Structures are given as C-alpha cells and as structure tokens.
Number of protein chains: 2
Amino acid sequence: MNFELPIAPWRSPLGRALHRNRSQPYSRYFQLATVQTDGRPANRTVVFRGFLGDTNLLKIIVDTRSQKFDQILHQPWAEICWYFTITREQFRIAGQLSLIDANHPDSELQKARQQTWQDLSDNGRVQFAWPHPGKPRDDQEAFSSSVADPAHPPQNFCLLLLDPVQVDHLELRGDPQNRWCYLRDNSQNWSTTAINP
Amino acid sequence: MNFELPIAPWRSPLGRALHRNRSQPYSRYFQLATVQTDGRPANRTVVFRGFLGDTNLLKIIVDTRSQKFDQILHQPWAEICWYFTITREQFRIAGQLSLIDANHPDSELQKARQQTWQDLSDNGRVQFAWPHPGKPRDDQEAFSSSVADPAHPPQNFCLLLLDPVQVDHLELRGDPQNRWCYLRDNSQNWSTTAINP
C-alpha cells in the first residue's frame, strides 16, 4: 500500500482544533459510526491514536472480540463525528477502514500495530486481557489480570486505520456559521469548497 | 400512536448524567448515526430537545432540506452516542426515528412540532430561513433574514423522534468500568443486564 501522499488540506484546521482544545483530554475522543450486518447503524466513542506516520490515516484500536470488529469486516465504511467543545467546531470524517490484526501480511503495518500497542498506557493494555466485552458481567476476579507485556500485542489487539475521502468542517462560532467540504477525487487530490451551514 | 408507557429503567441514569453535567451546555449535544442510501454510515452532532411529554421518545429537530432528512426517510434506524465529559460516561441509544413534518396527519404530534418550534431560541429559528444547507456558500446577505415567527413553524421545520429499543450505558469511572445493557422486548418491557466493559 502506498499511503504517503501530500498532507490533506483539512489537516491544518484539524491540527489547530486539537491544539486549541488540548487542555481537555476528551478532545481526543470521537464518535465512530459503522453499519451493522442487519443494515442498522452503530455508534460509539473511541480514542484518536494519532496519524499513521506521514499519512492522512487516522489510528484507532479495537478488540477483535468486540462487535465493531465484525461489523467492520462486513462493511468497512465509517463516519467519524468529532466535536471540539472549547472552539465549538465539528469535523465529520468519512472514509474506509482497514483492520490490521495479528494476521495482517504487511510487515510495515504490523510494525505500526506493534508500536501502537507499545504506546498504550498500562490501563489501556490490560483491557485486552479482560473477559469478553459485551457478555454478561464476570466476577471481579476475572478483571484482576496483571500488566500486559508492552513488547508483544496479544492476538485480540487490532489496529484500525481510517482512510478519509470526505471531511465536513463546521465552525459554530461565526454569524452565520462557517462550513467547508473537503473531497478527495480518484487521483487522490483534495478539493475544498465553502458551503452553507 | 400510543407512546405513553412506563418510564424506562435507563431514564434514571440518563437523567442523573444530564443533571451532573448540566454546567456544560454541550452536555445536551449527542452524535446521531444514520445510514445513507448507498449503505454507508453518516454521523453528526445534534441537540437534545427533551423527551416528548411522558414518553421515552427523544426529541431532535431537522431541516427537511438537509441530507439527514432524506436518509431517515429511506432508513429510519439510528444510534445515538452520548458522551458526558464531567462524569465520564456514555449512553448508546439505538432505536427507530419518526419524522413529524408539516404534513404529518397526527394532530397531537403536530402540536408537539409547534411547541418544539416555540421553545427554540431566535437563533435556532432563524437558521430555517437560511439558504439551502450543504450547497455552495451563498453571499452574506442571504443569511440576514429577520427573526422567524415563533407562532408558526415553517414548512421545512421537522420534529424528529427517536423511539429507543436498546440502551448501552458505560461508566469509564470504575475499576473495571461498569456497563449495562437495557433491552426492550416485543411487549414493550425493558430488561437490564450488567455486561463486561
């Protein structure tokens, strides 16, 4: 895969938003919408883990035992909704997801999966040793696992990459509000259009 | 329609979250995921407008000119993701949407649409007189409409109701985190299950 493309034009306002809202840890949380196998939508909060190297791909992590793993296998399209509370602006980022699990053949991406595991906190890592998410609640003892090895991601640890094709940026501040649409064409070039809020 | 059912068991923790996070105006914003006509997900921030009377239906508003109006006509299922930043908890609320537009035949729901319009701020109302949302940006003058009449909702003002069938409540505080699943059966009864985070 060749993802090393010029930095997309929406990266600059998104980087600014991340910087201006950095005092709030939840500014790195966004809502990831996917489609279930029955055609209904699913939506949950996930943590932004940065961009993959010099690319425009957003990094997320996922437990292969979770429902979203199966949903993404079936339908890889997603839309992120990312609202920044201090600057009052929203980014909607639509794109295709790739699952980089323990069996993914690309060695570069496998390295990225390893690095993402190492970058996690102990608290983040230990959750992958917890009982099956979403199943009826296990006893407290089942959650008392020791710290997971930072050097070796477990089988159920999966790196998730979102490759954006459309970004809708809305600033609530402004009278009227400001809104832009960024679109990627088939030649991987981005266009920018000011649109009505 | 008979929506007057007992208050659902998830209303109590949701009410508590709204109360404890009330100092932040954005605690009444949530992310609404729907499915587009091409089968891909869409996701955007909307404002919670309270519950419809004594029911468990969540009120949202929508401009009939917006893309989500057409999406919902085609596929009425939705999932709300509602993250509360002070108490660090998330509610995922899945259910079916109903569009109560100017032509809806139910007079009670038409009254609710009128009341919701009256309850809006002037700033909220004036946006329905703005140029077509999502189209290339119009001149500043096109946004300089006078205050909209609080007594008469315009044709493009639509009340949107979400009728929940499943609620997933996650508390990040807790070691391990606490999570419950609320499910509505065909007899309109709710069950509550503690599940693994």
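This passage describes a buried aromatic residue, an internal cavity and several salt bridges in a predicted model.

A convenient place to start is A:Phe30, which belongs to strand 1 of chain A, spanning residues 29-35. The relative accessibility of A:Phe30 is 0%, so this residue counts as buried, the cut-off being under 20%. Once neighbours within four places in sequence are set aside, A:Phe30 is in contact with A:Arg44, A:Thr45, A:Val46, A:Phe48, A:Leu58, A:Ile60, A:Ile80, A:Cys81 and A:Trp82. For a sense of scale, A:Trp130 lies 100 residues from A:Phe30 in sequence, and the two C-alpha atoms are 23 Å apart in space.

Attention turns next to enclosed space. The structure holds one cavity of 30 Å³ or more, and the volume of the largest cavity is about 180 Å³. Chain A contributes A:Tyr26, A:Tyr29, A:Gln31, A:Tyr83 and A:Thr85 to the lining of this largest cavity, while chain B contributes B:Tyr26, B:Tyr29, B:Gln31, B:Thr45, B:Tyr83 and B:Thr85. Two elements give two or more residues each to that lining, namely strand 1 of chain A and strand 1 (29-35) of chain B. In character, the lining residues of the largest cavity comprise six nonpolar and five polar residues, with no charged ones.

Charged side chains do feature elsewhere in the analysis: a search of the whole structure finds 14 salt bridges over all chains. One of them pairs A:Arg184 with A:Asp163, with 3.1 Å between the closest N and O atoms. Because A:Arg184 lies in strand 7 (residues 178-184) of chain A and A:Asp163 in strand 6 (residues 157-171) of chain A, this pair ties together parts that are 21 residues apart in sequence.

Two further examples come from chain B. In helix 4 (residues 122-126) of chain B, B:Asp122 and B:Arg125 are three residues apart, so about one helical turn separates them. These two residues form a salt bridge in which the closest N and O atoms are 2.9 Å apart. The partners fall into separate accessibility classes: B:Asp122 is partly exposed at 40% relative accessibility, whereas B:Arg125 is buried at 5%.

The other example joins the side chains of B:Arg40 and B:Asp38, with an N to O distance of 4.0 Å. That value can be read against the salt-bridge criterion of within 4 Å. Here B:Arg40 counts as partly exposed at 30% relative accessibility, and B:Asp38 likewise counts as partly exposed, at 48%; the partly exposed class ends where exposed begins, at over 50%.

Methods
Residues numbered from 1 in each chain as written. Chains lettered and ligands numbered in written order. Predicted model: local features only at pLDDT ≥ 70, side-chain atom pairs only at ≥ 80, totals over all residues. Heavy atoms only, no water. Helix = DSSP H or I, 4+ residues; strand = E, 2+ residues; numbered from the N terminus. Buried < 20%, exposed > 50% of the residue type's maximum accessible area, 1.4 Å probe, protein only. Contact = heavy atoms within 4.5 Å. 1 Å grid on protein atoms, 1.4 Å probe; cavity = no way out; pocket = protein on both sides within 12 Å on 5 of 7 lines; lining within 4 Å. Points joined across faces, edges and corners; volume = space filled by probe spheres on them. Nonpolar A, V, L, I, M, F, W, Y, C, P; charged D, E, K, R; others polar.
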